[in-house]
Amino acid sequence: MPTFVPTNTGITMFNLKIIIASTRPGRKGPSIASWVYDVAKTHNEFDTELVDLAEINLPFLDEPEHPRLQKYQHQHTKDWSAKINEGDAYIVVTSEYNFSIPASLKNAMDYLYNEWNYKPMAIVSYGGVSGGLRAAQSLKQVITAQKMMPLAESVPIPFFTQFIDADGKFNATDIHNKGLGILLKELAFWADGMKYMREKKKTQ
Ligand SMILES: Cc1cc2nc3c(=O)[nH]c(=O)nc-3n(C[C@H](O)[C@H](O)[C@H](O)COP(=O)(O)O)c2cc1C
């Protein structure tokens, strides 16, 4: 078996994808995701991109083979694979539908496997009194099945509509900003460690 010698990769910049989970017309997800994106862009550890599942527009999973085989038949899957493969870390901005995640998000995650492996995922959720926490907890089950690390740090936003103004802008409070700052710092830490893990995995 080849020996893996750990070295300091010197990597300080990680590709961060911020995923907007909801896709319905009139959705509020983009308002909250814009705030997350603006804050993430101020962190110099991340090269940040917004990924909107409404724009990605995947059909219900239509690949005949298990995604771990990566025998993708459809261009939309190949494009989605390439997009997610670029990421070192993810933040999902998710609503809560019937105490769980939107089907659009579950579908998008089910499309792929290897592309998600050994990468960290953090959650910003929004909703009524629970702030989307039930959706966030159910998402963690999917995240672990994908061999990802679900971050303990999260930002749940209860009664989120009160922070969205007439122009659709989400006006974060100090508490939201503080929570997101802690989340981003921790996400960079995991992104660094898990990049090392992915390198080691290649030698096994
Ligand atoms: C199908 C559906 C189910 C919902 N279920 C919940 C729920 O379980 N918990 C909750 O806090 N809000 C729930 N809501 C209200 C959402 O928090 C609210 O509509 C929010 O704007 C949804 O996010 P979106 O606008 O990005 O789609 C639900 C909304 C929809 C459309």
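# Contacts, core and ligand shell of a predicted model

Q: How do the contacts in the protein spread along the sequence, counting residues at least 6 apart?
A: In this predicted model, 80% of the contacts between residues at least 6 apart in sequence join residues that are at least 24 apart.

Q: And which elements is the protein built from?
A: The protein has six helices and five strands. Their order from the N terminus is β-α-β-α-α-β-α-β-α-β-α. The radius of gyration is 17 Å, close to the 17 Å that the globule rule gives for 204 residues, so the protein is as compact as a globular protein of that length.

Q: What box do the C-alpha atoms fill?
A: Taken along the principal axes, the box is roughly 60 × 40 × 25 Å.

Q: How much of the protein is buried?
A: Buried residues account for 39% of the 204 residues.

Q: Which residues have the most contacts inside the largest nonpolar core?
A: They are Ile32, Val36, Val92 and Val93, in a core of 52 residues. Helix α6, residues 174-202, gives the most to this core, with eight residues.

Q: Staying with Val92, what does it touch?
A: Leaving aside residues up to four places away in sequence, Val92 touches Ile19, Ala21, Leu105, Met121, Ile123 and Leu139.

Q: Leu105 is in that list; which residues of its helix, α4, are buried?
A: In α4, residues 103-110, the buried residues are Ser104, Leu105, Ala108 and Met109. Seen down the axis of α4, they fall within an arc of 130 degrees, so they line one face of the helix.

Q: What covers them?
A: The cover over the buried residues of α4 includes α2, β3 (89-94) and α5 (133-145).

Q: Now helix α3: which residues are buried there?
A: Thr77, Trp80 and Ile84 are buried in α3, which spans residues 75-85. These residues lie on the same side of α3 because they cover an arc of only 65 degrees around the axis.

Q: Then what does the face turned away from that buried side carry?
A: That face of α3 carries the exposed residues Gln75, Lys78 and Ala82.

Q: And what covers the buried residues of α3?
A: Their cover includes α2, residues 53-56. Helix α2 is also part of what covers the buried residues of α4.

Q: Changing topic, how many residues surround the ligand?
A: There are 13, and the closest are Ser22, Gly29, Ser95, Gly127 and Gly128.

Q: How does that shell divide into nonpolar, polar and charged residues?
A: The shell around the ligand has two nonpolar, seven polar and four charged residues.

Conventions. Residues are numbered from 1 along each chain as its sequence is written. This is a predicted model: local features need pLDDT of at least 70, side-chain atom pairs count only at pLDDT 80 or more; totals for chains, interfaces and linings use all residues. A residue is buried if 20 or more other C-beta atoms lie within 10 Å of its own, exposed if 12 or fewer, and partly exposed in between; C-beta atoms are placed from the backbone. Helices (H or I, at least four residues) and strands (E, at least two) are DSSP runs, numbered from the N terminus. The arc is that of the directions from the helix axis to the C-beta atoms. Two residues are in contact if their C-beta atoms, placed from the backbone, lie within 7 Å. A nonpolar core is a set of buried Ala, Val, Leu, Ile, Met, Phe, Trp, Tyr and Cys residues joined through C-beta atoms within 7 Å. A residue is near a molecule or strand if its C-beta atom, placed from the backbone, lies within 6 Å of it. Ala, Val, Leu, Ile, Met, Phe, Trp, Tyr, Cys and Pro count as nonpolar, Asp, Glu, Lys and Arg as charged, and the others, Gly among them, as polar. The radius of gyration is taken over C-alpha atoms; the globule rule is 2.2 Å times the number of residues to the power 0.38.
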